[in-house]
Amino acid sequence: MANNTNKQHETMVKWLRDLHATERGAADTLDRLAERLGRHPQLVTRLQQHWREKEEQIRAIEANLKRLNADPSRVKDTATRFKSLMDTFATVVASDEPVKDCLTLYALKHYEIASYIALATAARELSDAEITSMCERHLEQDRAMTEFLGTQLAEVTLDNLRP
Ligand SMILES: [Fe+2]
């Protein structure tokens with residue numbers, strides 16, 4: 001990104017930080033959900049697999065932030081801010097039932113997907129091959145997880161209705 005302006009550089013750094021925080025927030029939701037879905041072992045296995053993918057995604061975002069000379073401590077600030085946003089969302093939308101947790105996660109995954117689409121578009125425009133390929137890789141993983149979660153929603157809902 002040597003030829004890009006400061007503003008473009010700042011925008012990319014800001015978006016990477018936002019994504020980092022979003023991934024972190026969603027990782028916490030995944031964690032909570034996996035604990036509550038003991039009656040859906042197939043879904044739990046998939047959630048745990050995605051949790052590992054997500055840790056990789058977070059590391060890849062951090063590596064790109066470092067490459068762009070971004071101050072890592074700012075990542076923590078933004079993450080804290082976003083985490084409380086996620087917590088508020090989770091509290092408002094979700095009660096203690098797994099169905100609501102699934103809905104929260106489904107919504108968060110779509111937010112992640114939309115964020116990667118936007119970041120990939122910007123990275124392509126600014127000829128940043130590393131961020132572009134990172135976004136493409138994460139998009140593929142997040143879309144697969146979201147699609148699977150969508151197929152499980154009905155079963156989790158019906159199970160919740162059972163006495
Ligand atoms: Fe993700």
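**Two exposed loop residues and two nonpolar cores**

N69 counts as exposed, because 8 C-beta neighbours lie inside 10 Å, where 12 or fewer is the limit for that class. In this predicted model, N69 sits in the loop between α2 and α3, and its phi is near 60 degrees, a positive value in a residue other than glycine.

A second residue can be described in similar terms. S127 is placed in the loop between α4 and α5 and has a positive phi of about 55 degrees, although it is not a glycine. S127 is exposed, since 11 other C-beta atoms are found within 10 Å.

From these loops we can turn to the buried residues. The largest nonpolar core holds 13 residues, of which L16, I61, L119, I131 and C135 touch the most other members. Two or more residues of this core come from each of α1 (6-36), α2 (41-67), α4 (98-125) and α5. A second core, separate from this one, has eleven residues, including L30, L33, C102 and V156. As for I61, its contacts, once neighbours within four places in sequence are left aside, are L16, L19, H20 and E23.

How far the details may be trusted depends on the part of the chain under discussion. The mean pLDDT of the protein chain is 84, and 82% of its residues reach 70 or more. Among its elements, helix α5 (residues 129-161) has the highest mean pLDDT, 95, whereas helix α3 (residues 72-93) has the lowest, 57. Where pLDDT is low, predicted coordinates should not be read in detail.

Definitions and conventions:
Residues numbered from 1 in each chain as written. Predicted model: local features only at pLDDT ≥ 70, side-chain atom pairs only at ≥ 80, totals over all residues. pLDDT = per-residue confidence, 0-100. Helix = DSSP H or I, 4+ residues; strand = E, 2+ residues; numbered from the N terminus. Core = buried A, V, L, I, M, F, W, Y, C linked by C-beta atoms within 7 Å. Buried ≥ 20, exposed ≤ 12 C-beta atoms within 10 Å, placed from the backbone. Contact = placed C-beta atoms within 7 Å.
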